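This report describes selected features of one protein model, taking its sheets, aromatic pairs, a covered helix and pockets in turn. The sequence and structure follow.

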Amino acid sequence: MSTSKTGGQLVVDMLTSLGVEYVFGVVGGQTLAITDAIIDTPGIQLVHTRHENAAAVMMDAYGRLTGKPAACIATTGPGATNLLTGVGGAYRDSSPGYVLTCNNNGENIHKDDAQNADHVELFKPLVKYSRLVAHASSIKQAMEEAHVNAVTGNPGPVHLDFARDTIEGLITDPPTVPAVHPSRAWVSERPSANPAALARVAERLARAERPVIWLGNGGNRARASEDVLALADALAIPVVTTFNGIGSVPTTHPLVFGAVTRMGTALAGDVLDDADLVLALGNSLNAVSTTRWRRALPEVIQVDVEPAMIGRYYSEITQGVVSDLGSFARDLATAATGYAAAAREGRAGWIASLAKARDAWWQGTEVADAAAEGPLSPADIVRTLREVAPEETVLIPDAGNPGVWSFLWEIQRPGSYIKPVGFGNMGFALPSAIAASLIDPARPVLALIGDGSLGMSLGEIETLARTGGNVCVVVLNDSSYGNIRQEQELHFDGRTTGVDFGTVDFGMAARAMGVDGEVVTDLSTLRRRVAEAFAAGTPVVLDVPIDRDVNAWTFPSFTARKR
């Protein structure tokens, strides 16, 4: 005989059945039937934040780093709308997650009740699936459908809006919920290329003299680093990434040449400009990658798990293949075995010249003075951080200049780098670092964040104090929205508006919220303090004043070569 339970308990049972370990959020009156049920449910944990946006970002970061969905939760009206920015970041960067909003009683939704808002319409443009759950009998099916949408194909967030009486009311005969839902066994499966398409690509690749793999965010989502690099090695094909594809392959691999984007590395842009064939793997060819589609490309072979992404741009020069990137790379390497040796021999001189250019590029960014005192160049800061941070460190740059300066960070392991790209949402790095430390409390996490972004997420330092973890937050502090200030200076005759702040001591602010922090004004101290922080394994905030005259928009290593 079934034991009655609330709708909220059924929601939590389904979350655990579907593999959700964390719910991030800010509780409110409407959420309590769900959050209270978490208390007594093994295997799932509520992590409360100071702002709902941070909860959505933590859901996003968890999805990026694990490939599995976590959940974020908020109450009706302003609680729900505060989630939107972080949810948009997850959607635009293809990160799976459950967005749970809790509405008023079903009979009062769309009426003038307290904090009334149409959550489904609000979230619909920024999620893969959005639905009101207004009856307890629909909870299980709605969550199963949401799960399939979140994880299959191109992953992303899904939204369920629960009526308050739906989750607070008792269900006298609740459905059986398996401990491990069967859908978890198949939703991560991806299609392989059909043999005809594979043969067509192999034939075209055999004729190419200078093919280039342009790897996008799909490389991160597919966790295809090993297979893509094996293909590159087999056929001597250089690899560049999109801005969103950074982290999908180690930049220390001899065939990886950096990121191509609107503000990318000059080296990677030159590699792509040399190509006579582009293998766009998990690469949507979006505006950020192609300088708003002004970049001229040769013939493109575009591979994606989502058919609708193929040929969306550059359609007339594109051949498409619907496939998982890993299986495509493995199968193509096998199909090309007959000419692999000849391909490597024919491309050896080109690859050698590219390797020489890469060495020169890195030499051009070396730290001139290891004992330099502030204000410091952000380029020197990033190179110094890479010297001292452990190999396995997860780097999380925030939006704006920190993401651009992270081109100078050598990625030594795939899956050790995340940042907001498609939505470019500020306030990303600190909440994401907290999520990363929850996944693996011992793993070093370095959040590279501007003072503008930290100002938007400052309250989450208290969340970091509660959760702990091996987290080092480095603040690139120029007392401004630096990326926009520099763009104004470059394009508006040096005139600026709306970008400058007063001086803030973020080290002191961190200490006030329970995290060790200080201002660091020289590279020697920075090197020492970061090493000490990671050795101790406890959070620290290092506020580093930076040279406002070092402009990311004109930094020589990021400026495209004039042809």
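In this predicted model, Val212 has Val278 as its bridge partner in strand S12. The two strands concerned, S9 (residues 211-215) and S12 (residues 277-281), run parallel and are joined by five bridges. They belong to an open sheet of six strands with parallel pairing, in which the order is S11-S10-S9-S12-S13-S14. Because S11 and strand S14 (318-322) stand at the edges with a single partner strand each, one side of each is left without a neighbour in the sheet. From one strand to the next, the twist in this sheet averages 20 degrees.

Another open sheet, likewise described by parallel pairing, is formed by six strands in the order S3-S2-S4-S5-S7-S6. Its edges are held by strand S3 (45-48) and strand S6 (129-133), each of which has a single partner strand, so that one side of each lacks a neighbour in the sheet. Neighbouring strands here are turned against each other by 20 degrees on average, with direction ignored. At one edge, S6 pairs with strand S7 (residues 157-162) in the parallel sense over five bridges, and within the sheet Leu132 stands opposite Asp161 in S7.

The aromatic side chains offer a second view of how parts of the chain meet. The structure holds 10 aromatic pairs, and the table gives the geometry of two of them.

| Pair | Centre to centre | Angle between planes | Class |
|---|---|---|---|
| Tyr22 and Tyr62 | 5.9 Å | 65 degrees | edge-to-face |
| Phe243 and Phe407 | 5.5 Å | 45 degrees | tilted |

The pair of Tyr22 and Tyr62 links distant parts of the chain, with Tyr22 in strand S2 (residues 22-25) and Tyr62 in helix H3 (residues 52-66), 40 residues apart. Tyr22 has a relative accessible area of 12% and is therefore buried, and Tyr62, with a relative accessible area of 2%, is buried as well; the cut-off for this class is under 20%.

For the rings of Phe243 and Phe407, the planes stand at 45 degrees, so the pair is tilted. Phe243 lies in the loop between strand S10 (239-241) and strand S11 (256-259), whereas Phe407 lies in the loop between H16 and H17, so this pair ties together parts that are 164 residues apart in sequence. Both Phe243 and Phe407 are buried, and they join Trp405, Phe555 and Phe558 in one aromatic cluster.

Helix H17 (residues 429-439) is mostly covered, since 10 of its 11 residues count as buried. Among the buried residues of H17 are Ala429, Leu430, Pro431 and Ile434, together with Leu438.

Arg92, in contrast to these buried positions, is partly exposed, with a relative accessible area of 42%. Arg92 lies in helix H4, and its C-alpha is 35 Å from that of Arg511, a residue from which it is separated by 419 residues in sequence.

Turning to the open space in the model, the largest pocket has a volume of about 1,200 Å³. Of the 50 residues that line this pocket, Ser94, Gly153, Asn154, Pro155 and Arg221 are the closest to its centre. Which helices each supply at least two residues of this lining? They are helix H4 (78-92), helix H6 (139-151), helix H9 (217-222) and helix H12 (287-290), and the largest share, four residues, comes from H9. By class, the residues of the lining of the largest pocket divide into 19 nonpolar, 19 polar and 12 charged.

The second largest pocket has a volume of about 730 Å³ and is lined by 41 residues, of which Ala399, Gly400, Asn401, Val404 and Asn483 lie nearest its centre. At least two residues of its lining are supplied by each of H12, helix H16 (401-405), helix H18 (451-457) and helix H20 (482-491). H12 thus contributes at least two residues to the lining of the largest pocket and at least two to that of the second largest. The lining of the second largest pocket is made up of 20 nonpolar, 13 polar and eight charged residues.

Key
Residues are numbered from 1 along each chain as its sequence is written. This is a predicted model: local features need pLDDT of at least 70, side-chain atom pairs count only at pLDDT 80 or more; totals for chains, interfaces and linings use all residues. Side-chain values use heavy atoms; hydrogens and water are left out. On a 1 Å grid over the protein atoms alone, a cavity is a set of points where a 1.4 Å probe fits but cannot get out, and a pocket is an open set with protein on both sides within 12 Å along at least five of seven lines; lining residues have an atom within 4 Å of a point. Grid points are joined across faces, edges and corners, and a volume is the space filled by probe spheres set on the points. Ala, Val, Leu, Ile, Met, Phe, Trp, Tyr, Cys and Pro count as nonpolar, Asp, Glu, Lys and Arg as charged, and the others, Gly among them, as polar. Two strands pair if DSSP finds at least two bridges between them. Axes are lines fitted to C-alpha atoms, for helices over the stretch in contact, and angles run from 0 to 180 degrees between N-to-C directions. Buried means under 20% relative accessible area, exposed over 50%, partly exposed in between (1.4 Å probe, protein chains only). Rings of Phe, Tyr and Trp (its six-membered ring) pair if their centres lie within 6.5 Å; planes under 30 degrees apart count as stacked, over 60 as edge-to-face and the rest as tilted.
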